[in-house]
Each structure stands twice: as structure tokens, then as C-alpha cells.
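Here is a short set of exercises to work through with the model open beside you. Try each task before you read its solution.

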Amino acid sequence: MRLILLLFFVLFSESAAAYTYSYVPKTSVPVIYNFLYRKREKCQTGEKQAYPKQIGACVSCPENSVYLIDDTKNKAFCFRCPTGTLLAKKDGYPMCLSLYPVVDGKAVKPGGRAVSDSELERMALSLGAAYKTTLPPKENTDAKTFRNKEPLKNVCPSIYPDDPKAAREVEICKRLAKQNDFLCPYVEKNAENRWTCRACPKNAPYKNKQGGCFTCPYGEEMVSLPDGKSVCASMAPKPEKKKPAVKPTGKKKAVKRKKRR
């Protein structure tokens, strides 16, 4: 029993000595470009990150902020800590840790000296196993890198049938949309002509007559052909240009007649 208490005291003293001050980080919403359905999928835009309830997502955060999942809220945010502090999670709760007080948005050592990156690394190593640390991001000198990116467009159908017989299925689809960010639920009639709630992945939101889900390249729309088949816009045949009709002028051409000899 004494040995257990001694070990607990040592571990507690080590983690407590690693930092003196704790601050609440500032949060912002990450820009999501695409949800990743398979582990081998790569991001054309943004960085591949873990996402609540999902395999992953292509996301970006503003400069000087770090993408992190807040386990207490089961949501992802872009966290920003004061300069010279360390972003960490304990029991899923994000916090900014520092050995020195924060003044005007940055941790200041005695004499006004700034905290070095090596000191933050030592602080991260000295924390106990209950802490998960994230070192500060390197300063991004190209601010346009984040501003020029476009977020993922919501291509899921948000209009549900107003038929009273479909009310139960509509409620199921709405609940499913809240619980799972990856799916794109919709309500339609099945082969037995009954309303049913179905869903496609958000990165394959379009469906064909057979009920299959498929996707188009990033930023490309889906179009329907005259035969009812759904294809991506780049695969659709270009419409033939109609020749303008020749308008009659009302004048008749003179017919030359041969003279009789």
C-alpha cells in the first residue's frame, strides 16, 4: 500500500512540476474539404486528419492554430494557444500549459525573455502519460495558402417529402444526419412503393435508378441523361448546336428562259 502511494506521489509531482499555469485555448471552426471513406484515400486539398465518428477528413486550420478533437464535446476544432505555451489534452480536455505567466498573448520568462521551442519540447516530455501534447505549429508566412482554399460544398438533399406517410422515415433520416457527418440521408419510395430512409456517403452523394451511390471529381456536378442514367458533367455528351433556320426573303429568283428562233 505504501509503495502504491509513493508511486502515485512521484507521478503526480512529476506532472504537476511540468507546468505552473493553465489557460483555455481559443477555438475556431476548421475548413473541411472532403470526408475520407477509405484509409488509403488521399487529400487533394488540406491535410488528412482524424474526425469524430469518421475514418478521416481533409481539413485545414488558420495559421498558428492546431487541429485537435475535443473528446469532451466529440467535436473537432482549430485550437490556438498563447505564444510560448503548450497545447495538451488531459482526459480529452484541451488546455494551454505554461511554466510562466502569459502577458499580452505570450508567455514571458523573468526579465521579459521569450520561451524557446526546446523548452516547450522538454515540458512535453516531462508530462505524465495522462497528457497528450501537441507542439506549436511553425509560423506560416504564406497567409494566402489558407485563404485561397474553398470549403466542401453541402451537396446533400435537404428537402424531404411532406407526405404524412413519410413522417417516420423523415425523422429517421434527420436523426441519422445529426449522428453521422459522413452520410447523406434521403427519403424515397422503394420497390414496394413505400417510403424509406436511405443514405449515401457525403463523398458519393449521388444515386442512380438502381439505388447505387457514386461520386464525381472534386467540384464537378452530376447530370442526368435523357435515358435516366446519372453521370458526371465531364462524361455527358455535349449538346449538338442547332443550325439557325433560314428565313425566307419573300423574293423569288428570276427564271431565265431560252429565246425561240
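**Exercise 1. A threonine and its neighbours**

Which residues does T196 touch, not counting residues up to four places away in sequence?

Solution. This is a predicted model, so please read each step with that in mind.

Step 1. Find T196 in strand β14.

Step 2. Look for its contacts beyond the four places on either side: T196 touches E169, Y186, V187, E188 and N190.

Step 3. Check the accessibility. The relative accessible area of T196 is 19%, and the cut-off for buried is under 20%, so T196 counts as buried.

**Exercise 2. The helix beside the strand**

Describe helix α4: its length, its buried face, its outward face and its packing partners.

Solution.

Step 1. Start with the dimensions. Helix α4 has 13 residues, and from its first C-alpha to its last it reaches 19 Å, close to the 18 Å expected at 1.5 Å a residue.

Step 2. Pick out the buried positions, which in α4 are E169, V170 and C173. Viewed down the helix axis, the buried residues of α4 fall within an arc of 105 degrees, so they line one face.

Step 3. Recall the geometry behind such a face. An α-helix has 3.6 residues a turn, so residues three or four places apart point the same way.

Step 4. Turn to the other side. R168 and K178 are exposed residues on the face of α4 that is turned away from its buried side.

Step 5. Name the partners: β13 (183-189) and β14 are what the buried residues of α4 pack against.

**Exercise 3. A covalent link from the helix**

Where in the chain do C173 and C197 lie, and is their disulfide left-handed or right-handed?

Solution.

Step 1. Confirm the bond. The sulfur atoms of C173 and C197 are 2.1 Å apart, and the two residues form a disulfide.

Step 2. Place the ends. C173 belongs to helix α4 (residues 167-179) and C197 to strand β14 (residues 195-201), so the pair links distant parts of the chain, 24 residues apart.

Step 3. Read the torsion: 110 degrees about the S-S bond makes the link of C173 and C197 right-handed.

Step 4. Check the surroundings of the link: C173 and C197 are both buried.

**Exercise 4. Two left-handed links**

How many disulfides does the structure hold? Work through the pair C43 and C58, then the pair C61 and C78.

Solution.

Step 1. The count is 4 disulfides.

Step 2. One of them joins C43 to C58, with an S to S distance of 2.1 Å. At -90 degrees about the S-S bond, this link of C43 and C58 is left-handed. C43 sits in the loop between β3 (31-36) and β4 (47-51) and C58 in strand β5 (residues 54-60), so the disulfide ties together parts that are 15 residues apart in sequence.

Step 3. Compare the burial of the two ends. C43 is partly exposed, at 22% relative accessibility, whereas C58 is buried at 2%.

Step 4. Move to C61 and C78, a disulfide with its sulfur atoms 2.0 Å apart. The link of C61 and C78 is left-handed, with -85 degrees about the S-S bond. C61 is in the loop between β5 and β6 (66-70) and C78 in strand β7 (residues 75-80), 17 residues apart. Both C61 and C78 are buried.

**Exercise 5. Charged pairs**

How many salt bridges does the structure hold? Examine three of them and say whether each partner is buried, partly exposed or exposed.

Solution.

Step 1. The structure holds 5 salt bridges.

Step 2. Take K89 and D71, whose closest N and O atoms are 3.2 Å apart. K89 is in strand β8 (residues 86-90) and D71 in the loop between β6 and β7, 18 residues apart. K89 is buried at 11% relative accessibility, while D71 is partly exposed at 45%.

Step 3. Return to E169, which forms a salt bridge with R168 at 3.1 Å, N to O. E169 is buried at 14% relative accessibility, and R168 is exposed at 60%.

Step 4. Finish with E192 and R194, whose side chains meet in a salt bridge at 3.9 Å, N to O. E192 is exposed at 58% relative accessibility, and R194 is exposed at 57%.

Methods
Residues numbered from 1 in each chain as written. Predicted model: local features only at pLDDT ≥ 70, side-chain atom pairs only at ≥ 80, totals over all residues. Heavy atoms only, no water. Disulfide = S-S within 2.5 Å. Helix = DSSP H or I, 4+ residues; strand = E, 2+ residues; numbered from the N terminus. Buried < 20%, exposed > 50% of the residue type's maximum accessible area, 1.4 Å probe, protein only. Contact = heavy atoms within 4.5 Å. Salt bridge = Lys/Arg side-chain N within 4 Å of Asp/Glu carboxyl O. Expected span 1.5 Å × (residues − 1). Arc of directions from axis to C-beta.
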